Amino acid sequence: MKEKINVTDYANIITKALPKGILLNTFADDRFNSMVIGWGHLGTLWNKPTFHVYARQGRFTKGQLDKAGEFTISVPLENPDPQINKICGWQSGFNIDKVKEAELELVDADTIK
Ligand SMILES: Cc1cc2nc3c(=O)[nH]c(=O)nc-3n(C[C@H](O)[C@H](O)[C@H](O)COP(=O)(O)O)c2cc1C
């Protein structure tokens, strides 16, 4: 189910979820990839909610971010699925298709690719 939310209403959940790992999703060159992140900042710039992420140089995700210039994050409302975290946090999009391996269900975004 898709629902428009006010991100600040979920600030507590997002902040608590981060150390356990949330998903940083990218789409470039016709490839979707998802990587677990534990670093991030929820904030505000010019009255708009922002989310800062940190991707190490060698990650498949870093190349995707450079190409796409956009990303989404997925935050589990409860504990993260251990299987998804194992695949998206320890395996690389350089070697596997994480959508297939982790059986991710993708939902189109409204404003970005
Ligand atoms: C709990 C957890 C948090 C992580 N946080 C980050 C992070 O903030 N930034 C980062 O570059 N890698 C982080 N990683 C490592 C990447 O998720 C991991 O190297 C992944 O396999 C990279 O996937 P990719 O090559 O497909 O981009 C984290 C891993 C775990 C398990």
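Let's start with a pair of strands: S3 (residues 40–45) and S4 (residues 48–53) run antiparallel to each other and are joined over 6 bridges. Keep in mind that this is a predicted model. Besides that strand pair, there's a ligand to look at, with 19 residues surrounding it.

**The S3–S4 hairpin**

- Together, S3 and S4 make a hairpin, and 2 residues sit between the two strands.
- Have a look at Trp46 in the turn, where phi is positive, at about 50°.
- You can follow the pairing residue by residue: Gly40 faces Val53 in S4, and Leu42 is placed opposite Phe51 in S4.

**Where the ligand sits**

- If you're hunting for the ligand, check the second largest pocket, which is where it sits.
- Three elements each give two or more residues to the shell around the ligand: strand S2 (31–37), helix H2 (60–68) and helix H3 (82–90).
- S2 provides the largest share of that shell, with 4 residues.
- Sorted by character, the shell around the ligand has 9 nonpolar residues, 7 polar ones and 3 charged ones.

**Who touches the ligand**

- The closest residues to the ligand are Tyr54, Thr61, Gln91, Ser92 and Gly93.
- Tyr54 uses its backbone here: one of its polar backbone atoms is 2.7 Å from a nitrogen atom of the ligand.
- Arg56 also comes in with its backbone, placing an N or O atom 2.9 Å from an oxygen atom of the ligand.
- For Gly93, a backbone N or O atom lies 2.7 Å from an oxygen atom of the ligand.
- How much of the ligand does the protein bury? On its own the ligand would expose 660 Å², and the protein buries 84% of that.

Technical notes:
Residues are numbered from 1 along each chain as its sequence is written. This is a predicted model: local features need pLDDT of at least 70, side-chain atom pairs count only at pLDDT 80 or more; totals for chains, interfaces and linings use all residues. Side-chain values use heavy atoms; hydrogens and water are left out. A residue is near a molecule or strand if one of its heavy atoms lies within 4 Å of it. A polar contact is a pair of N or O atoms within 3.5 Å; within protein, one must be able to donate a hydrogen and the other to accept it, and residues adjacent in sequence count only if both atoms are side-chain atoms. Accessible areas come from the Shrake-Rupley method with a 1.4 Å probe; for residues, only the protein chains shown count as cover. On a 1 Å grid over the protein atoms alone, a cavity is a set of points where a 1.4 Å probe fits but cannot get out, and a pocket is an open set with protein on both sides within 12 Å along at least five of seven lines; lining residues have an atom within 4 Å of a point. A molecule sits in a cavity or pocket if more than half of its atoms lie within 2 Å of its grid points. Ala, Val, Leu, Ile, Met, Phe, Trp, Tyr, Cys and Pro count as nonpolar, Asp, Glu, Lys and Arg as charged, and the others, Gly among them, as polar. Two strands pair if DSSP finds at least two bridges between them.
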